[in-house]
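The following exercises invite the reader to examine a model step by step. Each task is followed by a worked solution.

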Amino acid sequence: MDIPYTVLPRKDTGLWNAKVGIWLFLASEVMLFGALFSTYILLRVNSPETGALKWPHHLLNVPIGTFNTGVLIFSSITVILAWASLVLKNLKAFKWWMGITILCGLAFLGIKSREYYQKFTHYGVFLRDGTVITGHMKNEDVKLKEGEVTRYISNLQVVNGVVNAGPMKGSEIEHVMIAPDAPAGHGHEAAEHKAEKIEGKDIARIASYGPWYSPYFAIYFTLTGLHAIHVFGGMVVNTFMWGPGTKMYFTNPQRFTNRVEVAGLFWHFVDLVWIFLFPVLYLL
Amino acid sequence: MINKYLGIIENASKHGPAIDGMLEAVHWFMLALFIGWTAFFIYTLLRFRRSKSPKADYVGVTSHNSTYAEILVGIIEAILLICFAFPLWGKQVNEFPQEKDATVVRIIAEQFAWNIRYPGADAEFGKQDINLVSSENPLGCDPNDAKGKDDIAVLNEMHVPLGKPVIIFLSSKDVIHSFCVRQMRMTQDAIPGMVIPLWFEPIKTGKFEIACAQLCGMGHYKMRGLLIVDSPADYDKWLKAQAPAGSGGGGYD
Amino acid sequence: MEATVHDQHGHATDHAHDAHHEEHKELSFFWKYIFATDHKVIGMQYLFTGLIFLLFGFCLMMMMRWQLAYPGKPMPVVGNLVCSALNMACKGLGDESMQGGVMSPAFYNSLGAMHGTIMIFLGVVPLAFGAFGNFVVPLQIGAVDMAFPRINAASYWSLFVGGIVMFVSFFVPGGAASSGWTSYSPLAGIATTGQTLWLVGMIFLITSSLLGAVNFITTIIQLRAPGMTWMRLPFFVWAQFVTGFLLLLAFPPLEAAGVMQLMDRLAGTSFFLPSGLVVTGMPSVVSGGGSPLLWQHLFWFLGHPEVYVLILPAMGIVCEVIACNTRKPIWGYRSLVFSVLFLGFLSFVVWAHHMYMTGMGQKISTFFQTTTVIISVPSVIILSALFISLWGGSIRFNTPMLFALGFLPMFGIGGLTGLPLAFNAIDLYLHDSYYVIAHFHYVVAPGTLFGLFAGIYHWYPKATGRMMNECWGKVHFWGSFVCMNGIFMPMFLQGMAGVGRRWYDGGQTYEFAQGVIHSNVGISMSAWALALFQIPFIINFFWSIRHGKKVSDNPWEATTIEWAAPSPPPHGNFVETPEAYRGPYEYSVPGHPKDFTPQSQTA
Ligand code: HEA
Ligand code: HEA
Ligand code: CUA
Ligand SMILES: [Cu+2]
């Protein structure tokens with residue numbers, strides 16, 4: 001009546017069920033991220049040499065990315081230690097290591113959302129002559145002829161100073177003020193950059209560095225967003241193991257250990273994906 | 001023969017007979033397999049029905065005929081591939097005629113029409129730019145480009161002369177369409193963001209219908225154009241009668 | 001799943017008995033039938049859901065067939081009903097779609113796209129993989145349940161949600177998705193809300209299939225009864241095993257693509273939108289830089305394996321039914337197994353044969369033509385083995401067998417007509433014509449559907465303990481057989497004459513089509529007649545649950561292990577843990593008193 005091999009391995013395959021299951025699941029995850037990586041390659045190969053859609057290199061903050069990579073790799077080690085503690089029948093150590101793993105996940109997501117936030121407040125103003133001025137900007141920096149901007153500006157198409165699509169359609173822009181980024185080569189603090197004024201009629205498009213900005217940002221947000229969802233999912237599972245799930249340790253320690261192992265495998269996979277993402281998005 | 005029986009429509013292009021011939025061969029091959037297996041099937045059902053054959057034979061067929069048959073199928077398929085399919089396609093994509101020996105046109109598909117442009121007397125197309133698109137200038141032609149002044153633009157009705165290959169540079173403004181003239185044995189998707197060349201050589205004068213072979217919205221079913229193959233003299237006459245697009249008569253100014 | 005530790009190695013035979021008594025607390029209706037985790041109940045949930053959607057998809061098609069036969073004429077009765085139903089759900093929608101019972105082109109496109117989507121993802125996949133896989137596979141390998149019963153339930157409910165989303169999408173402004181089941185961008189990118197719901201629905205359906213696939217493969221690897229070695233697995237189990245892998249590995253890319261198209265629609269990205277799009281006369285507002293072909297690659301990377309997902313389970317069912325009703329072993333079991341594995345593998349490298357007309361260079365075209373032609377070889381082997389298995393048999397022509405026998409030539413015709421399409425040059429002529437429609441309907445409709453019907457009639461007594469009525473079953477078969485051919489055979493001729501698919505008026509606009517479009521009337525008549533012949537089936541199906549002839553546990557005198565379980569099998573399936581002592585198809589073994597020797601029989 002009971003389903004066999006939930007705890008002990010089957011002789012001829014040497015595996016218990018959930019382990020087969022998680023490996024299969026991870027295989028499908030590989031295909032999922034594989035498709036997105038292929039998309040990345042294709043978009044990048046097809047990207048133009050010049051213009052706004054040019055593939056931006058080294059746009060992301062490498063030290064932060066490196067730090068985050070370190071956080072995840074560290075959590076990969078702690079999750080193994082958590083599992084190993086269970087194998088050694090040391091529940092207290094398990095709680096510690098698993099707790100640290102969860103905190104690492106939290107730290108990762110925190111840093112990531114900080115990075116996201118910075119992107120969403122960073123804008124590119126596309127001029128009609130083809131140049132793009134990038135820099136930080138707030139809603140107040142966009143001066144309308146009538147009224148003021150009340151909603152977050154993500155992506156505005158402008159024709160003759162008038163927004164021609166989307167929720168702000170019809171508003172007439174007088175000018176925008178933008179604090180341009182330091183030109184390449186200068187340190188960030190070095191350039192004491194002043195806000196620049198751009199006339200509405202010169203503007204073709206105003207867009208923040210969201211997924212709509214260019215194919216690079218599209219794939220950046222899709223990849224990291226999907227990865228973040230995976231991190232979050234892994235954290236939910238880990239938190240369950242750390243908290244209420246621990247009950248099972250007292251009735252069926254072997255099975256609980258197996259569960260933690262499976263959760264750990266998933267967590268490793270999430271790390272591994274990041275280890276591909278980091279160089280691909282930050283370094284190359 | 002079998003194609004005729006199945007109601008294939010007349011061919012009007014030079015490469016058509018090769019395609020029809022191959023289709024004919026494949027159909028014969030299929031027919032042979034179909035008849036062979038059907039005969040076997042019916043015979044077996046009759047002979048081994050329960051009332052006739054109350055006791056089944058544990059072993060069944062022992063001969064290796066089916067293996068030989070399968071090998072034969074494999075060989076025939078290999079021949080079809082190597083001797084027909086690869087060369088035919090290779091010819092289609094690699095052996096483009098010289099542009100100077102051909103009628104060159106540019107076709108821009110849109111929902112739900114075919115914009116056809118001829119380069120005019122100078123045999124060169126004018127520039128097009130998306131930023132110039134407006135309701136009066138649906139293709140975004142650059143009015144300042146001298147090469148474009150004598151370009152000829154027509155809608156849905158394409159004329160070509162007999163006796164010369166036709167090269168088409170195909171693209172689309174909005175969604176994916178597919179340029180398809182069944183009599184020319186020709187289909188090619190028009191994909192926005194890409195310009196894809198294709199060619200064929202008409203061998204008959206007449207009117208042939210251009211159909212769109214890719215779902216492109218609610219007007220897909222009536223995205224019909226005409227390909228008119230004229231004698232060279234008629235073609236010249238027609239061409240002369242067309243006002244250049246750049247001079248204001250073509251409707252795309 | 002809440003198992004306590006047991007010694008799994010011993011597989012003590014009395015163990016099943018003990019557990020049986022523990023479980024005998026009565027489950028409430030809710031837990032028994034709605035949030036069930038028992039594989040048989042979940043199988044039934046899949047079965048009913050699949051059948052209802054199959055019927056729904058068929059109804060959509062019957063409406064389309066009216067428009068094709070009588071373009072622009074108001075549809076009697078139904079037309080006005082649909083119009084007011086749509087109007088009720090969303091103001092004005094009915095008038096847009098079915099004013100006065102006349103179908104609009106946009107609505108025709110919606111019906112087409114949703115017919116394809118529903119038939120494939122909500123009809124056949126839930127039936128072939130979900131229903132038969134769930135009900136039969138654990139029984140055939142002698143397992144008590146699936147490896148992960150709760151994931152199994154989650155998989156069903158994910159399908160259910162996906163189905164609801166798809167259904168609801170008919171009633172939103174602009175109507176349901178109308179860019180074909182293939183949803184090519186940019187068309188799908190600029191489509192109405194229905195397309196967004198289509199994508200959301202697809203993501204649920206994909207998730208359902210992924211969970212199912214993990215579960216099936218694990219079950220087959222881990223839960224085979226003692227003695228059930230790989231080469232003793234019934235071919236049906238092999239077919240499901242390969243199907244599981246196809247779903248597991250081919251679906252995620254479409255999920256990724258679905259997410260990207262959703263981003264294109266909702267977050268303003270342009271994964272599939274190139275620069276310089278001009279939509280309805282205005283330059284589009286997207287950043288551009290994407291590729292429409294990328295969507296096609298990702299779609300067909302799933303799309304092609306998907307068609308084998310539709311056909312393999314049906315082949316598996318047909319193989320079981322044929323073995324049982326010829327009373328002899330399947331000929332060439334090993335070559336069947338290797339062919340199906342090879343087929344599964346190859347199906348991942350042929351996808352671009354759906355994209356021959358996108359402008360393909362010589363090298364790529366050579367590769368895909370070669371793989372496409374090679375993939376026909378394992379199909380030929382499988383079909384040949386099934387044909388040859390008939391030789392020397394003692395054939396019983398009962399209803400399941402009739403459907404299984406019907407499958408063979410129908411799949412044969414569909415498969416054979418795939419061959420010309422496999423050649424790039426010929427596709428110049430046949431692409432997107434009704435020849436393609438006829439090709440694949442022969443494989444999925446009289447092919448797969450017949451396989452599924454065979455399976456329903458075959459395993460019905462196992463699921464209910466009663467038989468379906470034979471006589472009405474035969475009416476169902478012969479009626480369906482004649483009508484199916486009446487529908488799809490003329491389509492080959494239409495295709496040869498160049499009639500294009502997805503044409504709202506069936507080709508009236510085109511001169512070259514005039515010679516063949518009159519056959520649209522006959523085709524449509526056949527389709528409606530086909531519907532009439534489903535009525536005996538539907539009545540038979542429900543009536544027999546209560547009133548069918550009561551039968552023993554093994555009414556067909558079959559050999560595979562599911563017939564050793566009681567009918568209907570209790571929770572936990574077997575009274576005693578079964579063990580396999582021999583191959584799956586030991587019929588008419590020389591020297592044995594009976595003409596069948598069950599797998600679980602000791603001597
Ligand atoms: C279950 C579904 C299924 C199956 C099994 C197949 C099987 C095959 N298909 Fe098909 N196909 C589809 C479903 C399927 N297809 C669908 C849905 C589409 C359209 C999608 C769309 O655009 O919407 C399509 C479209 C399609 C195309 C694209 C056409 C176009 O758009 O222009 C091509 C091209 O190569 C193709 C080829 C093949 C080939 C070579 C096989 C081979 O695998 C076939 C091998 C089988 C055989 C060779 C038969 C062997 C049998 C015998 C030898 C016995 C004969 C006996 C008797 C007749 C009695 N198919
Ligand atoms: C599995 C896939 C599948 C199946 C089974 C079918 C079945 C049928 N299909 Fe379809 N079809 C597609 C997949 C399928 N189709 C796809 C993918 C397309 C392309 C869409 C696109 O262009 O994007 C298409 C397109 C398509 C077209 C072309 C439309 C066009 O291009 O404009 C046509 C035209 O006649 C058609 C007809 C039919 C018919 C008459 C059937 C009949 O065979 C239907 C038979 C149905 C039954 C017999 C139902 C039986 C149900 C029951 C008995 C229920 C019992 C219920 C209970 C017991 C509760 N289909
Ligand atoms: Cu244009 Cu279909
Ligand atoms: Cu295919």
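Contact here means heavy atoms within 4.5 Å. The model is a predicted one, in which local features need pLDDT of at least 70, side-chain atom pairs count only at pLDDT 80 or more, and totals for chains, interfaces and linings use all residues. Residues are numbered from 1 along each chain as its sequence is written, chains are lettered from A and ligands numbered from 1 in the order in which they are written, and side-chain values use heavy atoms, with hydrogens and water left out.

**Exercise 1. Determine which residues A:T246 contacts, leaving aside its neighbours within four places in sequence.**

Step 1. Locate the residue: A:T246 lies in the loop between α4 and α5 (247–251) of chain A. Helices (H or I, at least four residues) and strands (E, at least two) are DSSP runs, numbered from the N terminus.

Step 2. Classify its accessibility. Buried means under 20% relative accessible area, exposed over 50%, and partly exposed in between (1.4 Å probe, protein chains only). A:T246 has 4% relative accessibility and therefore counts as buried.

Step 3. List the contacts: with neighbours within four places in sequence left aside, they are A:L91, A:K95, A:F240, A:M241 and A:F256.

Step 4. Add the polar partners. A polar contact is a pair of N or O atoms within 3.5 Å; within protein, one must be able to donate a hydrogen and the other to accept it, and residues adjacent in sequence count only if both atoms are side-chain atoms. A polar atom of the A:T246 side chain lies 2.8 Å from the backbone oxygen of A:M241, and the backbone oxygen of A:G243 also lies 2.8 Å from a polar atom of that side chain.

**Exercise 2. Identify the protein donors of the copper ion (ligand 4) and of the iron atom of ligand 1.**

Step 1. Apply the definition: donors are N, O and S atoms within 2.8 Å of the metal (3.2 Å for Na, K and Ca); water is not among the atoms, so sites may look incomplete.

Step 2. For the copper ion (ligand 4), the protein donors are C:H304 (ND1), C:H353 (NE2) and C:H354 (NE2), at 1.8 to 2.1 Å. Their spacing in sequence is H-x48-H-H.

Step 3. Place two of these donors in the fold. C:H304 belongs to helix α10 (residues 292–326) of chain C, while C:H353 sits in the loop between α11 (333–346) and α12 (362–389) of chain C, so the pair ties together parts that are 49 residues apart in sequence. Both C:H304 and C:H353 are buried.

Step 4. Turn to the iron atom of ligand 1, whose only protein donor is C:H439 (NE2), at 2.2 Å. C:H439 is part of helix α16 (residues 434–464) of chain C. The iron atom and the copper ion (ligand 4) are 4.6 Å apart.

**Exercise 3. Of the 2 pairs of chains in contact, find which share the most contacts, and describe that interface.**

Step 1. Chains B and C share the most contacts. Chain A and chain B do not touch, their nearest C-alpha atoms being 10 Å apart.

Step 2. Count the residues: chain C contributes 92 and chain B contributes 82.

Step 3. State the buried area, which is the accessible area (1.4 Å probe) that two parts lose on being put together, summed over both. For chain C and chain B it is about 7700 Å², of which carbon and sulfur atoms give 69%. C:W391, C:L428 and C:Y429 supply 11% of the area that chain C buries against chain B, more than any other three residues.

Step 4. Count the salt bridges, each a side-chain nitrogen of Lys or Arg within 4 Å of a carboxyl oxygen of Asp or Glu. The rule finds 1 across this interface. The side chains of C:D595 and B:R50 meet in a salt bridge (3.7 Å, N to O).

Step 5. Count the polar contacts: 29 residue pairs (both at pLDDT 80 or more) are found between chain C and chain B.

**Exercise 4. State the area buried between chain A and chain C and the number of salt bridges between them.**

Step 1. Chain A gives 47 residues to the contact and chain C gives 56.

Step 2. The two chains bury about 4200 Å² between them, 67% of it on carbon and sulfur atoms.

Step 3. There are 0 salt bridges, and 5 residue pairs are in polar contact (both at pLDDT 80 or more).
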